[in-house]
Amino acid sequence: MRGIGAAAVIAGGLVAAVTGPLELTKGSWTAAYLVLVAGAAQILMGSARRRWPRARGDSAGWWQFALWNLGHAGVIGGTLTGLTTIVFCGSAVLVVALVLAFLATFGVAERSERMLLLGYRVVLVLLAVSIPVGMVLSAIRNA
């Protein structure tokens, strides 16, 4: 997850570099999405699975990884093509990946890491809350 997340951050930087000179209208959004959501958030989730043994020891981690990246493909593809239905499907897949990430955190941290775990869970919840916001914006933009 961390390697693909880093690749998404680099891809976002490359998108930002080429979309300005080419005046691509959705380039700025795509670059930010790749860097922040597909990249940084995925690096964080991969780090959490690596840090807490229970979180990395189950097959749900592979499902989380696959669904997280499949969801991004749907959101980005749907946004760039103006197909709100694809954005909604990709968003639903992202929610499932976030639920898997959240469930993997139960019973994993020692007392000394409770604040770190709480911070991670807050980020997961913020990501989950941002999904319906993005869906509404997509529907308005493509209406």
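## Exercises on a predicted helical model

A search of the whole structure turns up one salt bridge. The model is a predicted one, and the exercises below start from that pair.

**Exercise 1. Find the partners of the salt bridge, place them in the chain, and decide whether each is buried or partly exposed.**

Step 1. The partners are glutamate 113 and arginine 51, with their closest N and O atoms 2.7 Å apart.

Step 2. Now place them: glutamate 113 sits in the loop between α5 and α6, while arginine 51 belongs to helix α2. The pair is 62 residues apart and links distant parts of the chain.

Step 3. Compare each relative accessible area with the cut-offs: buried is under 20%, exposed is over 50%, and partly exposed lies in between. Glutamate 113 has 17%, so it counts as buried. Arginine 51 has 46%, so it is partly exposed.

**Exercise 2. Work out which elements build the largest nonpolar core, and which residues touch the most other members.**

Step 1. Of the 25 residues in this core, Met45, Trp52, Trp68, Leu94, Leu98, Tyr120 and Leu124 touch the most other members.

Step 2. Two or more residues come from each of α1 (2-22), α2 (27-51), α4 (60-81), α5 (84-103) and α6 (114-141). The biggest contribution is that of α2, with seven residues.

Step 3. Take tryptophan 68 as a close-up. Leaving aside neighbours within four places in sequence, tryptophan 68 is in contact with Val37, Ala38, Ala41, Gln42, Met45, Leu94, Ala97, Leu98 and Leu127.

**Exercise 3. Check the length of α4 against the expected span, then describe its buried residues and what follows the helix.**

Step 1. Helix α4 has 22 residues, and at 1.5 Å a residue it should span 32 Å. Its end C-alpha atoms lie 31 Å apart, so the two values agree.

Step 2. The buried residues of α4 include Ala60, Gly61, Gln64, Leu67, Trp68, Gly71 and His72. Further along, Gly74, Val75, Ile76, Gly78 and Thr79 are also buried.

Step 3. Among the elements that cover these buried residues are α2, α5 and α6.

Step 4. Just after α4 comes glycine 82, which takes a positive phi of about 80 degrees.

**Exercise 4. Turn to the surface: which residues make the nonpolar patch of about 320 Å², and is valine 95 buried or partly exposed?**

Step 1. The patch is formed by Val95, Val99, Leu103 and Phe106.

Step 2. Valine 95 lies in helix α5.

Step 3. Its relative accessible area is 34%, so valine 95 is partly exposed.

Technical notes. Residues are numbered from 1 along each chain as its sequence is written. This is a predicted model: local features need pLDDT of at least 70, side-chain atom pairs count only at pLDDT 80 or more; totals for chains, interfaces and linings use all residues. Side-chain values use heavy atoms; hydrogens and water are left out. A nonpolar core is a set of buried Ala, Val, Leu, Ile, Met, Phe, Trp, Tyr and Cys residues joined through side-chain atoms within 4.5 Å. Buried means under 20% relative accessible area, exposed over 50%, partly exposed in between (1.4 Å probe, protein chains only). Helices (H or I, at least four residues) and strands (E, at least two) are DSSP runs, numbered from the N terminus. Contact means heavy atoms within 4.5 Å. The expected span of a helix is 1.5 Å times one less than its number of residues. Patches are made of residues with over 30% relative accessible area and no salt bridge: like charges are joined within 9 Å, nonpolar side chains (Val, Leu, Ile, Met, Phe, Trp, Tyr) within 5 Å. Accessible areas come from the Shrake-Rupley method with a 1.4 Å probe; for residues, only the protein chains shown count as cover. A salt bridge is a side-chain nitrogen of Lys or Arg within 4 Å of a carboxyl oxygen of Asp or Glu.
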